[in-house]
Each structure stands twice: as structure tokens, then as C-alpha cells.
Amino acid sequence: MDDLDDMDRRSLRGVDHRILSALRARAGDPRVAGAARALSRAGEHAALWLAAGLAGAAVDGARRGAWLRGTALTAGAHLVSMGVKRVVRRPRPTHVEPLVRTVGRHSFPSSHATSAAAAAVAYGALGARVIPPLAAAMCVSRLVVGVHYPSDVAAGAALGALTARVGARWVNGGPHD
């Protein structure tokens, strides 16, 4: 049974490597590379998503509290992903040349994907229809710039979506402003 488990792990690792290599190759187009770099920079420390939540709170006075709670939830999801990284300690991919520098050296889960998915769920529920496709683009950008395996991004997105889903009642059901 151990041989089968080891073979499954190697097979999954191979799929991870091949998908990453294929998406990283898309950066040969300077427009794709530029967009992926820009998204990566904007997503550092969940900055884009926190700014979006604060902007929502500023322009939607009737639901200011919900926007602020969604922003706090997005920040919390990001912090959780950073904690998981410290426990798992998976190294970043080395078989492709990264297009951006990273703040940390650990890869699993993608914190960019975690905060993006949390924002997509939290702000999407508040009617921000542009956030989910932008969050998906953020997730793909991490592969195009070559700093995460697809499994890192998938795990991060799942963690962010789950965190936001668990906190949805708090976001929407908090005290009215």
C-alpha cells in the first residue's frame, strides 16, 4: 500500500509541475507577464482586497458595517493562510524561473489565492460582481509568474472561500449601521 501511495504522490506532483510549466510559459507574451506581475504586486498582503473592502464601506454607507466585516474576514483568511504556511513549509517551485520576488519562501497555501477567494465570497455576496473574476485572475497570476504550484493555489482558494463562507452570517447578520 505504501508503494501505491508513493506512486500517487509522484503522479500528483508531476501534474502540478506540468500545469505550472504550461501556465508559466504564457508569460512569454509581455502583456500576460505584465498583467500577472501587476496582479501579484497588488495582492501582496491582501492589499487589493482590503482596499476594495474599504472602498465598498466608503461608498455604500447603508451597508458600511457589512463591508467592514467582510474586509476583516478577508484579512483574517489571509492571516490563517500565513499560519498554515509556517506549519507546512512547502518550498516554492524551482523548476521554473519566477517573474516576481516573493515575500516568503513557502508556497503552500497561496496567500494571494486565499485572500482573493475570501474577498470573492464576502464582497460578491454584497453585490461586487467584478471581484470574483478579478480574484480568479489573481489566482491564475500566481501560476503565470511561477511562484506557486496549482495545488497551492487550489488549497489557498478553498481555504479563503471556506473562511468567508463560515463568516458569511457574521458579515451579513451583524448589527445594522
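Is Tyr123 buried or exposed? Select Tyr123 and have a look: at 0% relative accessibility, this residue counts as buried. Keep in mind as you click around that this is a predicted model.

**Stop 1: the ring pair**

Keep Tyr123 on screen and add Trp67. These two make up the 1 aromatic pair that the structure holds. A pair of aromatic rings is described by the distance of the centres and the angle of the planes. Here the ring centres of Trp67 and Tyr123 are 5.3 Å apart and the planes meet at 35 degrees, so the pair is tilted. To be called stacked, the planes would have to be under 30 degrees apart, and edge-to-face needs over 60.

Now colour the helices. Trp67 sits in helix H4 and Tyr123 in helix H5, so the pair ties together parts that are 56 residues apart in sequence. Trp67 is buried too, with 8% relative accessibility.

**Stop 2: along helix H4**

Select 64-88, which is helix H4. What span should its 25 residues have at 1.5 Å a residue? The expected value is 36 Å, and the end C-alpha atoms of H4 are 36 Å apart, which agrees.

Next, pick out some buried residues of H4, including Gly65, Ala66, Arg69, Leu73, His78 and Lys85. Then step past the end of the helix: H4 is followed by Arg89, and the phi of Arg89 is positive, near 60 degrees.

**Stop 3: Pro93 in the loop**

Carry on to Pro93, which you'll find in the loop between H4 and H5. Pro93 has a relative accessible area of 8%, so it is buried: the cut-off is under 20%.

Which residues does Pro93 touch, not counting those up to four places away in sequence? Show Leu20, Ser107, Gly146, Val147, His148 and Tyr149. Try the distance tool on the last of these: from C-alpha to C-alpha, Pro93 and Tyr149 are 6.7 Å apart in space, though 56 residues apart in sequence.

**Stop 4: the largest pocket**

Finally, turn on the surface and look for the largest pocket, with about 390 Å³ of space. Its lining has 17 residues, and the closest to the centre are Met82, Lys85, Arg92, Val103 and Gly104, so select those to find your way.

Where does the lining come from? H4 and H5 (111-124) each supply at least two residues, and H4 gives the largest share, 4 residues. Colour the lining by type and you should get 2 nonpolar, 8 polar and 7 charged residues.

Definitions and conventions. Residues are numbered from 1 along each chain as its sequence is written. This is a predicted model: local features need pLDDT of at least 70, side-chain atom pairs count only at pLDDT 80 or more; totals for chains, interfaces and linings use all residues. Side-chain values use heavy atoms; hydrogens and water are left out. On a 1 Å grid over the protein atoms alone, a cavity is a set of points where a 1.4 Å probe fits but cannot get out, and a pocket is an open set with protein on both sides within 12 Å along at least five of seven lines; lining residues have an atom within 4 Å of a point. Grid points are joined across faces, edges and corners, and a volume is the space filled by probe spheres set on the points. Ala, Val, Leu, Ile, Met, Phe, Trp, Tyr, Cys and Pro count as nonpolar, Asp, Glu, Lys and Arg as charged, and the others, Gly among them, as polar. Rings of Phe, Tyr and Trp (its six-membered ring) pair if their centres lie within 6.5 Å; planes under 30 degrees apart count as stacked, over 60 as edge-to-face and the rest as tilted. Buried means under 20% relative accessible area, exposed over 50%, partly exposed in between (1.4 Å probe, protein chains only). Contact means heavy atoms within 4.5 Å. The expected span of a helix is 1.5 Å times one less than its number of residues.
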